[in-house]
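Student: Please take me through one part of this model closely: the surroundings of a charged side chain that sits inside. Then link that part to the rest of the chain.

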Amino acid sequence: VHCIMNVKQWYQRRVRGMLGELLMCDRCPKVFHLFCLDPPLQQVPDGEWFCSKCQEEKDAEESGEVNVIDDIMDDPAVDQESRDEIEQLRKKLLATKRARIDYENNSSDVT
């Protein structure tokens, strides 16, 4: 469990039965106490949750995809036909990402 609690705090909470729920990152194997997060959480969030390191990596990857597309679209050497094709591909990419997220959210609701 990755948290900022020292051994004394952990033992005191353990003795009092206050360790609470754990939250696992959906991208890496790290597990956190809800109250050790910054800011602390009161309950396990719905849907995907990423630790701060994985969220930063995910954001960088996603912004990288957009930045590459934006760079191409800003290039004056790219003709209009290619720009239109790139825009269509960007729309398909975003629709696929939304469909994947919807599917993952709906499949996690099934018990």
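**A buried arginine and its surroundings**

Tutor: Start with R83 and its contacts. Leaving out residues up to four places away in sequence, R83 touches M73, D74, D75, P76 and V78. Keep in mind throughout that this is a predicted model. R83 belongs to helix α3, which covers residues 80–109.

Now look at charge. R83 is buried, yet R83 has no salt bridge. Which side chain of opposite charge is nearest to R83? That is D74, 5.8 Å away. A salt bridge here needs a side-chain nitrogen of Lys or Arg within 4 Å of a carboxyl oxygen, so a 5.8 Å gap does not qualify. D74 is still on the contact list of R83. The general background is simple: side chains of opposite charge can pair when their charged atoms come close.

Set that beside a pair that does qualify. The count for the structure is 1 salt bridge. K53 and E57 form a salt bridge, with their closest N and O atoms 3.7 Å apart. Both residues lie in helix α2. They are 4 residues apart, about one turn of the helix. What is the exposure of each partner? K53 is partly exposed, at 49% relative accessibility. E57 is partly exposed too, at 33%. R83, by contrast, is buried and without a salt bridge.

Helix α2 holds another lysine to check. K58 lies in this helix. K58 has a relative accessible area of 18%, so K58 counts as buried. Beyond four places in sequence, K58 touches R27 and F50. R27 is 31 residues from K58 along the chain, and their C-alpha atoms are separated by 9.2 Å.

Next, move to the aromatic residues. A search of the whole structure turns up 1 aromatic pair. F32 and W49 make up that pair, in an edge-to-face arrangement. The centres are 5.7 Å apart, and the planes meet at 75°. F32 lies in strand β2 (residues 31–33), whereas W49 lies in the loop between β2 and α2 (52–74), so the pair ties together parts 17 residues apart in sequence. Both F32 and W49 are buried.

The loop between β2 and α2 also holds L41. With 28% relative accessible area, L41 is partly exposed. Outside its four-place neighbourhood, L41 contacts L23, L34, F35 and W49. W49 therefore has a part in two stories here: an aromatic pair with F32, and a contact with L41. Consider L23 as well. L41 and L23 are 18 residues apart in sequence, and their C-alpha atoms are 9.7 Å apart in space.

One backbone detail deserves a stop. The peptide bond from D38 to P39 is cis, with omega near 5°. P39 sits in the loop between β2 and α2. Most peptide bonds are trans.

Then the cysteines. How many disulfides are there? The count is 0. C25 is in no disulfide; its nearest cysteine sulfur belongs to C54 and is 3.7 Å away. C28 is also in no disulfide, and here again the nearest cysteine sulfur is that of C54, at 3.7 Å. The cut-off is 2.5 Å, so neither distance counts as a disulfide. C25 is buried, with 3% relative accessible area. C28 is buried as well, at 16%.

Finally, step back to the whole chain. The secondary structure comes to 3 helices and 2 strands. Along the sequence, the pattern is α-β-β-α-α. The chain has 111 residues, and 19% of them are buried. R83 and K58 are among the buried residues. Among contacts with a separation of 6 or more, 34% join residues 24 or more positions apart. The chain exposes about 8,700 Å², of which carbon and sulfur atoms supply 53%.

To return to your request: R83 is a buried arginine in the model without a salt bridge. The residues that R83 touches include D74 and D75.

Notes: Residues numbered from 1 in each chain as written. Predicted model: local features only at pLDDT ≥ 70, side-chain atom pairs only at ≥ 80, totals over all residues. Heavy atoms only, no water. Buried < 20%, exposed > 50% of the residue type's maximum accessible area, 1.4 Å probe, protein only. Contact = heavy atoms within 4.5 Å. Areas by Shrake-Rupley, 256 points an atom, 1.4 Å probe, with all protein chains shown as cover. Phe/Tyr/Trp six-rings, centres within 6.5 Å; stacked < 30°, edge-to-face > 60°. Lys, Arg positive; Asp, Glu negative; His and termini not counted.
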